[in-house]
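Q: Hi, could you walk me through this model when you have a minute?
A: Happy to, let's get it on screen.

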Amino acid sequence: MRPIGKLPPIRLIACFTILLGLCACERETYTSWSCNSSSESKIPMVLRKAKMEFKDSRLDYCGSLGNLSYFDLQCPAQINQSSTIFTPASGLLQSKGQEYQCSAL
């Protein structure tokens with residue numbers, strides 16, 4: 001019988017790989033952006049899970065239509081009536097009547 005503290009190298013590597021995989025599942029993914037408008041510059045914006053953090057607001061993701069993503073504090077019944085519209089492909093952000101050009105960091 002083999003002592004408990006001595007695992008064969010293959011089992012030890014397998015256990016380590018499984019443990020590392022489980023730890024990686026809990027990592028939070030996010031994208032940081034820097035946005036500019038005609039009157040403001042270098043405004044940070046972060047997309048984290050189903051939230052947008054922009055100008056001291058945490059907006060919920062309401063859905064997408066085509067390449068437009070819609071965000072709001074409280075999602076309306078018609079998502080195209082959301083307060084914030086973001087086009088990730090071009091970096092165009094429209095929020096409360098103001099337009100921002102954003103670039104990923």
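A: We'll go through some strands, two turns and the core.

Q: What kind of model is this, and how are residues numbered?
A: It is a predicted model, where local features need pLDDT of at least 70, side-chain atom pairs count only at pLDDT 80 or more, and totals for chains, interfaces and linings use all residues. Residues are numbered from 1 along each chain as its sequence is written, and side-chain values use heavy atoms, with hydrogens and water left out.

Q: Which way do the side chains point along β7?
A: They alternate along residues 92-95: Leu93 and Ser95 are on one face and buried, while Leu92 and Gln94 are on the other and are not. Buried means under 20% relative accessible area, exposed over 50%, and partly exposed in between (1.4 Å probe, protein chains only). Strands are DSSP runs of E with at least two residues, numbered from the N terminus.

Q: How many bridges join β6 to β7?
A: Four, and the two strands run antiparallel; strands count as paired if DSSP finds at least two bridges between them. Phe86 sits opposite Leu93. The two strands make a hairpin with four residues between them, and Gly91 in the turn has a positive phi of about 80°.

Q: And what joins β7 to β8?
A: Four bridges again, with β7 and β8 (residues 98-104) antiparallel. Leu92 has Gln101 in β8 as its bridge partner. This hairpin has two residues between the strands.

Q: Changing topic, what is the phi of Lys96?
A: Positive, about 50°, although Lys96 is not a glycine. Most residues other than glycine have a negative phi. Lys96 lies in the loop between β7 and β8 and is exposed, at 67% relative accessibility.

Q: Where is Lys55?
A: In the loop between β3 (51-54) and β4 (57-65). Its phi is positive too, near 50°, and Lys55 is partly exposed at 38% relative accessible area.

Q: How many residues are in the largest nonpolar core?
A: There are 13, and those with the most contacts inside it include Phe54, Phe86 and Leu93. A nonpolar core here is a set of buried Ala, Val, Leu, Ile, Met, Phe, Trp, Tyr and Cys residues joined through side-chain atoms within 4.5 Å.

Q: Which elements give two or more residues to it?
A: β1 (30-36), β2 (43-48), β3 and β8. The largest share, three residues, comes from β2.

Q: What does Phe54 touch?
A: Leaving out residues up to four places away in sequence, Phe54 touches Cys35, Ile43, Pro44, Met45, Leu93, Ser95 and Tyr100; contact means heavy atoms within 4.5 Å.
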